[in-house]
Amino acid sequence: MMESLVLHEDARSGNCYKIRLTAALLGQALERVSYDIIRGETRTPEFLSQINANGRIPVLQIGDRYLPESNAACFYLAEGSALIPQDRFDRADMLRWMFFEQYNHEPNIATLRFWLLYVGERNLTELQRHQLLPKRMAGDDALTVMDRHLADHAWLVGTSVTLADIVLYAYTHIAEAGGFRLRDYAHICAWLDRVQALPGYVSMD
């Protein structure tokens with residue numbers, strides 16, 4: 001019998017959305033439990049002791065086990081499916097893009113979206129304000145890397161959609177909320193349309 005799947009999430013988070021999108025494309029049902037990260041609901045003693053000692057979401061609960069980190073959760077859901085390539089090199093290349101997402105893409109594009117959309121620029125600390133331009137430049141660099149690759153490839157890895165596309169789609173498609181101009185990246189825009197046309201696609205709440 002398959003273990004129940006519960007997603008502990010904040011629906012405004014792209015990291016949470018990528019798990020919902022992975023599950024939707026695979027036809028897997030997820031129960032959803034919501035937290036408000038702005039109100040500190042993932043920093044309570046109960047959450048830290050029972051869900052994730054790191055105080056972060058998303059967390060995918062599998063039966064009575066808990067799996068933090070969004071890309072790990074996506075990998076768990078997609079194991080054995082076409083979203084993970086069978087070819088050894090392509091599998092490693094998929095992981096390369098997933099690491100790129102967490103190291104080069106998400107810390108800049110997602111952070112600026114959160115600061116500008118939910119915190120507000122006038123509420124930023126002096127340190128955060130000094131980081132606005134460097135993060136904008138680094139985010140544009142990440143989008144440029146993707147756009148150049150997608151100029152010659154329909155998908156980031158191989159000839160069909162993989163987890164690499166799903167995890168990078170999550171924050172890319174809402175990057176304009178962080179001040180990035182997606183219209184400057186024609187190949188990314190075409191790729192976004194391909195993702196949205198996938199059977200089972202669900203939009204972000």
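Is His8 buried or exposed? In this predicted model, the relative accessibility of His8 is 5%, and because anything under 20% is taken as buried, His8 counts as buried. The residue belongs to strand β1, which covers residues 5-9. Once residues up to four places away in sequence are set aside, His8 touches Val33, Tyr35, Ile51, Ile57, Pro58, Val59, Gln61 and Tyr66. Thr22, which is 14 residues from His8 along the chain, has its C-alpha atom 15 Å from that of His8.

Two of the residues that His8 touches, Ile57 and Pro58, are joined by a peptide bond that is cis, with omega near 10°. Pro58 itself lies in the loop that runs between α2 (45-50) and β3 (59-62). Ile57 also appears in the description of the largest pocket, where Asn15, Ile37, Arg56, Ile57 and Glu106 are the closest to the centre among the 27 lining residues.

That largest pocket has a volume of about 730 Å³. Its lining divides into ten nonpolar, ten polar and seven charged residues. Helix α4, residues 88-119, gives the most to this lining, contributing eight residues.

Helix α4 also holds Asp93, a residue that counts as buried at 13% relative accessibility. If neighbours within four places in sequence are left aside, Asp93 is in contact with Leu156 and Val157. Beyond α4 the chain enters the loop between α4 and α5, where Thr125 is found. With a relative accessibility of 42%, Thr125 counts as partly exposed, and its C-alpha atom is separated by 20 Å from that of Glu106, a residue 19 places away along the chain.

A further stretch to examine is strand β4, residues 65-68, together with the loop that follows. Arg65 is found in this strand and is partly exposed, its relative accessible area being 49%. Not counting residues up to four places away in sequence, Arg65 touches Glu3 and Leu60. From Arg65 to Asp87 there are 22 residues in sequence, and the C-alpha atoms of these two residues are 30 Å apart in space. In the loop between β4 and α3 sits Glu69, whose phi is near 75°, a positive value in a residue other than glycine. Glu69 counts as partly exposed, at 46% relative accessibility.

How many of the ten residues of helix α6 are buried? Ten of the ten are, so this helix, residues 163-172, is largely enclosed by the rest of the structure. The buried residues are Leu163, Ala164, Asp165, Ile166, Val167, Leu168, Tyr169, Ala170, Tyr171 and Thr172. As for what surrounds them, these buried residues of α6 pack against α1 (14-26), α3 (70-78), α4, α5 and α7.

Two of those partners, α5 and α7, can also be considered as a pair. Two packed helices are described by the angle between their axes and the distance between the axes. For helix α5 (residues 126-150) and helix α7 (residues 186-196), the axes come within 7 Å and cross at roughly 75°. Angles of 65 to 115 degrees are counted as roughly perpendicular, and α5 and α7 are therefore roughly perpendicular to each other. On the α5 side the contact is made by Leu143, Met146, Asp147 and Leu150, while α7 brings Ala186, His187, Ile188, Trp191 and Arg194. Sorted by class, the contact of α5 with α7 has six nonpolar, one polar and two charged residues.

The path ends in the segment after α7, where Gly200 is found. Gly200 is partly exposed, with a relative accessible area of 41%. Leaving aside neighbours within four places in sequence, Gly200 is in contact with Ala24 and Leu25. Gly200 and Leu132, by contrast, are 68 residues apart in sequence and 36 Å apart in space, taken from C-alpha to C-alpha.

How values were computed: Residues numbered from 1 in each chain as written. Predicted model: local features only at pLDDT ≥ 70, side-chain atom pairs only at ≥ 80, totals over all residues. Heavy atoms only, no water. 1 Å grid on protein atoms, 1.4 Å probe; cavity = no way out; pocket = protein on both sides within 12 Å on 5 of 7 lines; lining within 4 Å. Points joined across faces, edges and corners; volume = space filled by probe spheres on them. Helix = DSSP H or I, 4+ residues; strand = E, 2+ residues; numbered from the N terminus. Nonpolar A, V, L, I, M, F, W, Y, C, P; charged D, E, K, R; others polar. Buried < 20%, exposed > 50% of the residue type's maximum accessible area, 1.4 Å probe, protein only. Contact = heavy atoms within 4.5 Å. Axes fitted to C-alpha atoms, helices over the stretch in contact; angles between N-to-C directions. Parallel < 35°, antiparallel > 145°, perpendicular 65-115°, else oblique.
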